[in-house]
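Please read the following report with the sequence and the 3D view side by side, and look up each residue as it is named.

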Amino acid sequence: METDGLEWLVVPMHQVVSWGAAGAMVFGGVVPYIPQYRDIKRTQNAEGFSTYVCLVLLIANILRILFWFGRHFESPLLWQSIIMIITMLLMLKLCTEVRVSNELNIKRRSFSDFDLNYFWHWSKFTDYLQCVLTFTGVTGYITYLSLDSFLFVETLGFLAVFTEAMLGVPQLYRNYQNRSTEGMSVKMVLMWTSGDTFKTFYFILNQAPFQFSICGLLQVFVDMAILLQVYFYSYYPQKPALHTTHPTSTKAL
């Protein structure tokens, strides 16, 4: 009788917790980019942030959405991908505007040039948007033709997870090139690390497919490597690396 009397409280509380968890899943992934966005906006300098991070997340989340059509998963994960794509486009727009405003007498590059030497180094946000739409259209059409193939759908899901696992690699490489982590938001990386650690434990405890746990561990490893760079370059400053840059761009990445 006492248990029955508490049902009116337990059921709504369970519902609230479920909504809270779903909300955290949907919006939690974009939180690490808020301090980085604000730093770039405040300093008008995007040098420390690799836009290849945006490329990796755009590819991973587009593939995840396409995977949903072949194998439906939880709605919060689907909405998480949609929100992340919007966030990465906003990051790209800001970084492009800041970079172009800081460059003088630089020849403009566009997606329609089809020059691989300047891939993802274009001068307008619309060029990045064209690239994303082209990739979505091509992969979407291939997925539509191959939805009946179990192997294709599972491979698509694995590629989405593995691509996301490579998220921190562009930032890791950029820091190595610059011999510095200046301009990179440490708060962003700390949020990456905490989120990826939580996600990996979730995969392991819930006996998720093996590749999910492996990719999660790989993400944590890369996050820790970036944090080690922060420590190393802070206490042991390095001379800037001499590397060849494109004559039309002051950015290596």
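Phe-114 is placed in the loop between helix 4 (75–102) and helix 5 (125–146), and this, like everything that follows, is read from a predicted model. With a relative accessibility of 66%, Phe-114 counts as exposed. The backbone of Phe-114 also deserves attention, since its phi is near 55°, a positive value in a residue other than glycine.

Gln-44 is a second residue to examine for its backbone angle: it is not a glycine, and yet it has a positive phi of about 55°. Gln-44 is found in the loop between helix 2 (33–43) and helix 3 (52–70), and with a relative accessible area of 37% it is partly exposed.

**Aromatic rings**

How many aromatic pairs does a search of the whole structure find? The search finds 11 of them. One of these pairs is formed by Phe-111 and Trp-122, whose rings meet edge-to-face, with 5.4 Å from centre to centre and 80° between the planes. Both partners, Phe-111 and Trp-122, belong to the loop between helix 4 and helix 5, where they are 11 residues apart. Phe-111 is buried, and Trp-122 is buried as well. Phe-114, described above, returns here as a member of one aromatic cluster, which it forms together with Phe-111, Phe-119, Trp-120, Trp-122 and Tyr-128.

Two tyrosine rings have an arginine placed over them, and the table sets out these contacts.

| Arginine | Ring | Distance from the ring centre |
|---|---|---|
| Arg-109 | Tyr-118 | 4.1 Å |
| Arg-179 | Tyr-176 | 4.3 Å |

In the contact of Arg-109 with Tyr-118, the charged end of the arginine sits over the ring, while Arg-179 lies over the face of Tyr-176.

**A pocket and helix 2**

The second largest pocket has a volume of about 220 Å³. Its lining is made up of 14 residues, and those that lie nearest its centre are Asn-45, Gly-48, Glu-182, Gly-183 and Met-184. Which helix gives the largest share of this lining? That share, five residues, comes from helix 2. When the lining of the second largest pocket is sorted by class, it has eight polar, four charged and two nonpolar residues.

Tyr-37 has its place in helix 2, and at 31% relative accessibility it counts as partly exposed. Although Tyr-37 and Met-188 are 151 residues apart in sequence, the distance between them in space is 9.9 Å, taken from C-alpha to C-alpha.

**Cysteines**

A disulfide is a covalent bond between the sulfur atoms of two cysteines, and a search of the whole structure finds zero disulfides. Why does Cys-95 not form a bond with Cys-54? The sulfur of Cys-54 is the closest cysteine sulfur to that of Cys-95, but the two are 5.9 Å apart, which is too far for a bond; to count as a disulfide, the pair of sulfur atoms would have to lie within 2.5 Å.

Is Cys-95 buried or exposed? Cys-95 counts as buried because its relative accessibility is 1%, and the cut-off for this class is under 20%. Cys-215, with a relative accessible area of 3%, is buried too.

Definitions and conventions
Residues are numbered from 1 along each chain as its sequence is written. This is a predicted model: local features need pLDDT of at least 70, side-chain atom pairs count only at pLDDT 80 or more; totals for chains, interfaces and linings use all residues. Side-chain values use heavy atoms; hydrogens and water are left out. Buried means under 20% relative accessible area, exposed over 50%, partly exposed in between (1.4 Å probe, protein chains only). Helices (H or I, at least four residues) and strands (E, at least two) are DSSP runs, numbered from the N terminus. On a 1 Å grid over the protein atoms alone, a cavity is a set of points where a 1.4 Å probe fits but cannot get out, and a pocket is an open set with protein on both sides within 12 Å along at least five of seven lines; lining residues have an atom within 4 Å of a point. Grid points are joined across faces, edges and corners, and a volume is the space filled by probe spheres set on the points. Ala, Val, Leu, Ile, Met, Phe, Trp, Tyr, Cys and Pro count as nonpolar, Asp, Glu, Lys and Arg as charged, and the others, Gly among them, as polar. Rings of Phe, Tyr and Trp (its six-membered ring) pair if their centres lie within 6.5 Å; planes under 30 degrees apart count as stacked, over 60 as edge-to-face and the rest as tilted. A charge sits over a ring if NZ of Lys or CZ of Arg is within 6 Å of the ring centre and within 35 degrees of the ring normal.
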